[in-house]
Amino acid sequence: AETSPLPHDVRAKTLEVWALPANLSQRGGGLISLETIGGRIFDAVVFGEREPKKWTAGSSFFNRTIDLGAESESSKPGDVVHIAIIYREDNSIAVYRNGVPYAETYVPRGTDATLRTYSASESHVLFGLRHTGAGNWFFAGEIEEAWLYDRALTAVQVAASFLTGVP
């Protein structure tokens, strides 16, 4: 599923999702993605793309993606997992699982690794697929709730959102 184009520009942001993975062996499925129309540039919550059983901040050409060195996902079928990825104005990216840091906050390096501005009317949100045109990179499971915030949430706000649960 995808939204209509954004009503305003988005730069600093938080992608948040509550999901039930159907299996832990899937590779590269996107849950929520903010992308330019057509999918050329995107930032997304992705499962198992570069490392099996691990969550990551997916991005176009892996420009803002790193291997996080985090724990492998261990949820059981039917368990709801909460993931939040925060993209801050200082170019840092933080990944949270179930309200707590999933890995160390990092600053991506290299060409095209800086924070992106997603322009109004030229960008939208995509659910269940890493990016438009990604072929078979669908998320296998259920997305209970997903949110795009047009700001970087704080650690306290992410924890509170997790504790509140799926609306």
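A polar contact here means a pair of N or O atoms within 3.5 Å; within protein, one of them must be able to donate a hydrogen and the other to accept it, and residues adjacent in sequence count only if both atoms are side-chain atoms. Keep that in mind for Ser59, whose side chain reaches the backbone nitrogen of Asn63 at 3.2 Å.

What you're looking at is a predicted model, where local features need pLDDT of at least 70, side-chain atom pairs count only at pLDDT 80 or more, and totals for chains, interfaces and linings use all residues. Residues are numbered from 1 along each chain as its sequence is written, and side-chain values use heavy atoms, with hydrogens and water left out.

**The whole protein**

There are one helix and nine strands (DSSP runs numbered from the N terminus, with at least four residues for a helix, H or I, and at least two for a strand, E). Along the sequence they come in the order β-β-β-β-β-β-β-β-β-α. The radius of gyration is 14 Å, close to the 15 Å that the globule rule gives for 167 residues, so the protein is as compact as a globular protein of that length. That radius is taken over C-alpha atoms, and the rule is 2.2 Å times the number of residues to the power 0.38. The C-alpha trace spans about 40 × 35 × 35 Å along its principal axes.

Of the 167 residues, 49% are buried (under 20% relative accessible area; exposed is over 50%, and partly exposed is in between, using a 1.4 Å probe and protein chains only). Looking at contacts (heavy atoms within 4.5 Å) between residues at least 6 apart in sequence, 64% join residues at least 24 apart.

**Five residues to find**

Here's how a handful of residues compare in place and cover.

| Residue | Where | Relative accessible area |
|---|---|---|
| Ser59 | strand E4 (55-59) | 3%, buried |
| Phe62 | loop between E4 and E5 | 37%, partly exposed |
| Ser92 | loop between E5 (81-87) and E6 (93-97) | 5%, buried |
| Ala113 | loop between E7 (100-101) and E8 (123-127) | 3%, buried |
| Ser121 | loop between E7 and E8 | 54%, exposed |

**Around Ser59**

Besides reaching Asn63, the side chain of Ser59 makes a polar contact of 2.8 Å with the side chain of Thr65. Setting aside neighbours within four places in sequence, Ser59 is in contact with Phe42, Asp43, Arg64 and Thr65.

**Around Ala113**

Which residues does Ala113 touch, leaving aside neighbours within four places in sequence? They are Asn63, Arg64, Asn91 and Pro108. Ala113 also sits 9.6 Å from Ser60, C-alpha to C-alpha, though the two are 53 residues apart in sequence.

**Around Ser92**

Ser92 has a side-chain partner too: a polar contact of 2.6 Å links it to the side chain of Asp90. Not counting residues up to four places away, Ser92 touches Ile86, Tyr87, Thr105, Tyr106 and Val107.

**Two backbone oddities**

Most residues other than glycine have a negative phi. Phe62 isn't a glycine, yet its phi is positive, at about 60°. Ser121 isn't a glycine either, and its phi is positive at about 65°.
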